[in-house]
Every structure is written in structure tokens, then in C-alpha cells.
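Thanks, everyone. Please have the sequence and the 3D view open while I talk.

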Amino acid sequence: MKKTDIFHDMFGVDTALAAKAASIEDKCRRAFERIDAVAALNQARVIRAMQRFRVSDSHFNISTGYGYDDRGREVLEQVYAEVFHAEDALVRHQITCGTHALALCLYGVLRPGDELLSITGKPYDTLEEIIGIRGKPGCGSLKDYGVSYRQIELLDDGSVNYDAIKDAIHANTKMVFLQRSRGYAWRDPLTIRDIEQAAYFVKQIRSDIIIMVDNCYGEFTEEREPTSAGADIMAGSLIKNPGGGLALSGGYVAGRKDLVEQAAYRMTVPGLGREVGATLGQNRALFQGFFMAPHTVAQSLKGSVFAAAFLEELGYETCPAYDQERSDIIQAVRLKSPEAVIAFCRGIQKASPVDSFVTPEPWDMPGYDCPVIMAAGAFVQGSSIELSADAPIRPPYTAYLQGGLVYEHVKLGVLCAIQELINAGLLEIA
Ligand SMILES: *Cc1c(COP(=O)(O)O)cnc(C)c1O
């Protein structure tokens, strides 16, 4: 069977479209090579760390009950710390999601009277109720506990507003917060260099300010992590990049030893901290997922590059552009109409190994001011290191594509999504 016929015969993709994919891939070669180089370095680091801490079969054993002295858990945390160039790390399946991991840092470190200052504008949606920007009083937000909050918007070009930071830092500013990823906004992520500069700038003003980074979606996209670029503490989700697609659930916190300890006291309770937490047989998946992560992230990044290159060629606006530097795994694309967003997501769903038979529909999701459509066919619920696409149904009709455990799947997903646009009469291919 000819290569282009595979897509046609099995998935109904026009032969002309499949043929075009080959020339798109040629165009992506350079970007792919850059991604491979980053993956090679990160992969070597992960393996070296696992060797250094003598990871062995016994670390995959199961602990139950209190989970005291779970050697595998301790070694996993040392491996994370080593790879992330951090003094310490907390890596637990009991941390339910990225939001939870971030909240452990915030609640663990901040005290009544302290101020939290975000210098990357509005934080990720789910942090709003934690901080107390949104949501009802009395649910135990930081605001309820007397922790105040301020934010400085990013400048129009997506860079940090240094002048405003200088003015905003006061005696009670305890922590400066940065979000690395674009999240679901049409902006560039902060690169590690950007984070390093901002951290340096803040420390020049007051060296005792704690720099915290929301590292969700950023892990292994570059050669370094925020904790080797001036961040004191960072957190992320194990069903995103560092779980490598194998972690069934979990989150991590990494950074300065004293701060990680405070987060651990919040994760369980003061006194017990990190000493408890049965791993219930999850160690193997967390080790293996971390081992897979540099490669998996590279697969997903290459998929995004391919998607951007193809969609740009078809006249759509993308963020980032296919050959732009990347510091997260999200690919945004402006599809121009609600029908196009829906068709695009339908195509992604059709290419999924799981739930390919369902048709995604826009729905009113809590916390959003318009209907949202989501395409995902994941082995792990909500996992966004697996290929997924979502979009709020509102102008300018931007869809966000992320993840992909294997590049071939992302490529198929993009082809099916473009085919859906053609089938719906929304796109003509020359
Ligand atoms: C995913 C994400 C989070 C946390 O989300 P969860 O769904 O709770 O894991 C926080 N910040 C950013 C930028 C994210 O992408």
C-alpha cells in the first residue's frame, strides 16, 4: 500500500491531502531536529539520574497503609529533584492534579498578611478560586486566610512588565508568581531565559522574595527547567508532560528544600509531611513515565509543529508559528468560525484510539462564559499529554491542540481534522 493510501483507505483522508503532508514534513525538518536535540539531552539526564540513585526493581514494590519508608517513592523524588536541578521534590499520585500541586505551594508557603504577586497576568482559571479572585468567600481561599493578591499584566508583546514590578513590590510581598505556559491564551509562553531574567530582576529588588513558577505543560520542552533558572519552587501535573503518558494520576512540587517541606506539610499535615503516603503500586508507572517523558514531549512537540506548518499553509493563523521557539506543548490556531472549530475537533476525535466513535459537541462548562468543545480520546481521563483539542466557542474561534504520545497519531489527527474542514465545505484544497 502506498503511504498516502493508508490515510485514504483507512481514514478517508483525500490522497491529495495526505500527499501534501509529506511536503509539510520536509518543511518541518529543521524544527524537528531542534526538538530531537532537546529530547536527547533530557533523556540522557533522566537516565543518568536513575543510574545515580540506583533505581532497581525493588523500587517498584507496593506500599500500603501509612506508606512509611517507601524506598521507591523516596528515590523517585530524588530523581525528579536531580533532573530538575532542584534541592528537593515531592512526587505523589495522591496529589490529584496540577491545580492541587500548585495549591500546595501557595498554601504551604504563604501566611496571613503576606502578598502574592503574579507578574504574568491572570493565573490559570482553576487558581482563581484558590487565590480568591473568584468564588464565594468562606471556602478557604488564600484571601479568606488574609493573604492578599495583586497581578501585573504582561505587555502587549507578551513580555514581563519590569517597570510595573518595581512599583508593585512592597514589604509584605512574599511571593512572585509566574505562569510559564500560554495556558489558554493567545500569547507566547515564557521561555526559561525569560523566567531567569524575571527572577534575577525580582531578586535584585529583594533577595528574600520567593519565585514560584506554574510549570504545567512546560517540562522537557527546553533544556532546562525553571528551578535551574532562579525559581525557588515550581509545580506541575503528572497527567501532563512529566508523567510521560503512563502516570495514572498525580502531581509534583520541586524546588528549595525548606519550601518543598512546607508544601509537604500542606499535602498531609504538619509533622507527618512527606513521611506518609502509600504508593499502592504506582511507583513503576511514575518511574517509567518519567523515563518516557522527554521522548513523549518531543513527539507531542513535533505533532504541534506539523499542525502549525500545515494549517499555516492553508491560511490559518497559528500561535506559535511552526518554526518558533517553544516552551510549552500547546498549539493554538484561529479557525475563523464556530463551524470550523467544531469540525476540527470532530476530526481530532475521529483519529483517537479511544472513544473515536463519539462526536464532541459544545457544552456549557462550569467556569466558562461561553460553550466549550473538547475532543479527547485518552487512556487516562483528562490527560493532556495525550492528543486533545479544545476550544471556547467565541470569536476569534481559537482551537487549542496539545499532546500526543506518538507523532504518527498527531499527524493522523491533524489530517482528519483538516479533512473534516473540507467535508464541511469550510476549506478547499488546491
Ligand atoms: C493544566 C494547567 C494547570 C493545572 O490544571 P489541572 O487540570 O489541575 O492539572 C495549571 N496551570 C496551567 C498553565 C495548566 O496548563
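I'll start with strand 11, residues 388–392, which is mostly covered: 5 of its 5 residues are buried. Buried here means under 20% relative accessible area, exposed means over 50%, and partly exposed is in between, with a 1.4 Å probe and protein chains only. Strands and helices are DSSP runs numbered from the N terminus, E with at least two residues for strands, H or I with at least four for helices.

Before going on, the provenance. This is a predicted model: local features need pLDDT of at least 70, side-chain atom pairs count only at pLDDT 80 or more, and totals for chains, interfaces and linings use all residues. Residues are numbered from 1 along each chain as its sequence is written, and side-chain values use heavy atoms, with hydrogens and water left out.

Back to the strand. In a regular strand the side chains alternate between the two faces of the sheet. In strand 11, S388, D390 and P392 lie on one side and A389 and A391 on the other, and both faces are covered.

Which strands pair with strand 11? Strand 10, residues 372–376, does so in the antiparallel sense over 5 bridges, with V372 opposite P392. Strand 12, residues 398–402, is also antiparallel to strand 11, over 3 bridges. Pairing requires that DSSP finds at least two bridges between the strands. On the strand 12 side, A389 has L401 as its bridge partner, and D390 has Y400. Strands 11 and 12 form a hairpin with 5 residues between them, and Y397 in that turn has a positive phi of about 60 degrees.

These strands belong to an open sheet of 5 strands, order 8-9-12-11-10, with antiparallel pairing. Strand 8, at 317–319, and strand 10 are at the edges with a single partner strand each, so one side of each has no neighbour in the sheet. Neighbouring strands are turned by 20 degrees against each other on average, direction ignored. For such angles, axes are lines fitted to C-alpha atoms, for helices over the stretch in contact, and the range is 0 to 180 degrees between N-to-C directions.

Next, an open sheet of 7 strands, order 1-7-6-5-4-2-3, with mixed pairing. Its edges are strand 1 and strand 3, the latter at 148–151; each has a single partner strand, so one side of each is left without a neighbour in the sheet. The twist averages 20 degrees from one strand to the next. Strand 1 pairs with strand 7, residues 251–255, in the antiparallel sense over 5 bridges, and A89 has A254 as its bridge partner in strand 7.

Now the cysteines. How many disulfides are there? The count comes to 0, where a disulfide is a pair of cysteine sulfur atoms within 2.5 Å. Why is C97 not in one? Because the closest cysteine sulfur, in C216, is 8.7 Å from the sulfur of C97, too far for a bond. C97 is partly exposed, at 30% relative accessibility. C345 is buried, with a relative accessible area of 0%, and the closest cysteine sulfur to its own, in C370, is 13 Å away, too far for a bond.

That's all I have; please go ahead with questions.
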